[in-house]
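Thanks for sharing this one. Here are my notes, as numbered points to read alongside the structure.

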Amino acid sequence: MRNKQLLIIALGVLSIAAGVGLGRFFMPTVESSKPEISGIYISPSREVENFDLTNQSGEPFTHAALKDRWSLLFFGYTFCPDVCPATLAQLNQLHNRLAAQGVDADVTVWMISVDPARDTEERLKEYTAFFNPKFGGATGEREEIDKLAKQFGVYYKIHDPEPGADYYLVDHSAAVIVINPDARLQAVLTETSSTDNLVKDFLAIRTRYDDTQS
Amino acid sequence: MNHRLLLLVILSLITANGFAAEFVVGNLTVKNPWSRPTPPVANAGAAYFIVDNSQGQDDRLLSAEAEISARVELHTHLMDGDVVMMRKLETVEVPAGQTVTFQPGGLHIMFIGLEGPLVEGETFPLTLNFEQAGAVTVEVAIGQQPYAK
């Protein structure tokens with residue numbers, strides 16, 4: 001009981017620290033007033049430095065793949081039993097809803113695997129296609145994954161297997177990264193469990209972007 | 001075998017009609033066990049349910065067993081900001097007078113080394129071993145979450 005209370009307190013402190021951390025990371029550019037989203041809207045949008053990964057078809061996945069379209073990036077791994085399938089299922093719902101409104105053609109969802117040791121291109125292809133055949137997957141050298149993840153404040157950690165275990169666990173940020181058609185970081189969505197929210201947030205971000213273009 | 005088949009048919013009818021699937025063991029009721037369908041390449045899956053202990057004494061889930069994977073473990077997620085940390089649990093407390101909900105992003109039964117994909121519309125048996133109430137085998141419906149998030 002005592003331990004449980006301590007754990008709860010420790011978790012509370014950690015959450016606050018993490019919240020402050022994420023806020024600090026984006027602090028100079030945070031605009032809290034509009035558009036209102038569950039996450040962090042970044043204004044002005046932030047340049048994405050080049051990176052060199054490989055997509056699910058074995059082709060290069062670089063900065064160029066982000067241009068002239070909206071990209072939604074999620075960092076995960078196919079061994080993930082819960083949060084990754086849940087998030088990809090939500091992103092599929094989002095994609096379907098956008099399709100119903102005819103605004104899906106320039107929106108691409110990517111799962112970036114932080115677990116290249118287990119996630120081959122073929123695995124990624126089958127895994128992402130299960131959720132939506134239009135979804136892409138990419139992974140590559142650890143250094144290149146880190147280069148991308150760090151720019152977005154995305155954290156992950158691969159654990160050593162526990163004694164006697166034949167698998168290892170991965171801690172990872174569950175945020176969805178929104179890249180605008182200028183291939184610049186526009187938002188980080190942190191609440192993805194509600195499809196309605198996701199749709200509303202994405203459309204708000206998109207509308208705001210379109211407004212600034214005209 | 002026929003009984004098993006009949007049970008499956010009844011269960012799938014119940015699930016299809018949106019009625020709660022409930023499994024009673026001692027003073028505990030396990031409600032709406034479900035699993036998300038998995039991609040063919042996935043080697044891990046998860047099951048969720050609600051344990052209602054409103055009538056009972058303090059209890060605890062000790063372990064789970066299923067034929068669908070090489071290993072079955074109790075897991076939870078801890079959140080650190082937006083970072084998800086999955087951790088193995090030895091047991092899950094089910095205090096008297098409380099309802100414990102297993103759900104995505106939180107408590108779950110984890111299947112490691114799946115024998116095959118979990119296919120939408122199918123079910124599979126899962127045995128839950130409780131310290132006080134004993135063992136109960138529930139049929140897990142593969143599909144979407146049947147209770148509120």
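1. How many bridges join strand E8 of chain A to E6(B), and do they run parallel or antiparallel? There are two bridges between E8(A), residues 170-173, and E6(B), and the strands run antiparallel. For a specific pair to look up, take Ser173(A), whose bridge partner in E6(B) is Val83(B). Please keep in mind throughout that this is a predicted model.

2. The strand pairing sits within a broader contact between the chains, where 25 residues of chain B touch 28 residues of chain A. On the chain B side, the elements giving two or more residues are strands E3 (44-52), E5 (69-80), E6 (83-89) and E9 (108-114). Sorted by class, that side of chain B has 15 nonpolar, six polar and four charged residues.

3. Next, a strand inside chain A. E4(A), residues 70-76, is mostly covered, with seven of its seven residues buried. Trp70(A), Leu72(A), Phe74(A) and Gly76(A) point one way, while Ser71(A), Leu73(A) and Phe75(A) point the other way, and all are buried. That fits what one expects in a regular strand, where side chains alternate between the two faces of the sheet.

4. The neighbour of E4(A) is worth a look too. Seven bridges join E4(A) to strand E5 of chain A, residues 107-113, and these two strands run parallel. Within this pairing, Leu72(A) has Val109(A) in E5(A) as its bridge partner.

5. Now the helices. H2(A), residues 83-100, packs with H5(A), residues 195-213, at an angle of about 55 degrees, and their axes are 9 Å apart. The angle therefore makes H2(A) oblique to H5(A). The crossing of H2(A) with H5(A) is right-handed.

6. Which residues meet where H2(A) packs with H5(A)? From H2(A) come Gln90(A), Gln93(A), Leu94(A) and Arg97(A), and from H5(A) come Thr195(A), Leu198(A), Val199(A) and Phe202(A). By class, this contact has four nonpolar, three polar and one charged residues.

7. Finally, is Lys157(A) buried or exposed? Lys157(A) lies in strand E7 of chain A, residues 156-158. Lys157(A) counts as exposed because it has 11 C-beta neighbours inside 10 Å, and the cut-off for exposed is 12 or fewer. If you would like a distance to check, the C-alpha atoms of Lys157(A) and Ser45(A) are 27 Å apart, with these positions 112 residues apart along the chain.

Notes. Residues numbered from 1 in each chain as written. Chains lettered and ligands numbered in written order. Predicted model: local features only at pLDDT ≥ 70, side-chain atom pairs only at ≥ 80, totals over all residues. Axes fitted to C-alpha atoms, helices over the stretch in contact; angles between N-to-C directions. Helix = DSSP H or I, 4+ residues; strand = E, 2+ residues; numbered from the N terminus. Parallel < 35°, antiparallel > 145°, perpendicular 65-115°, else oblique. Left-handed = near helix turned anticlockwise from the far one by under 90°. Contact = placed C-beta atoms within 7 Å. Nonpolar A, V, L, I, M, F, W, Y, C, P; charged D, E, K, R; others polar. Pairing = 2+ DSSP bridges. Buried ≥ 20, exposed ≤ 12 C-beta atoms within 10 Å, placed from the backbone.
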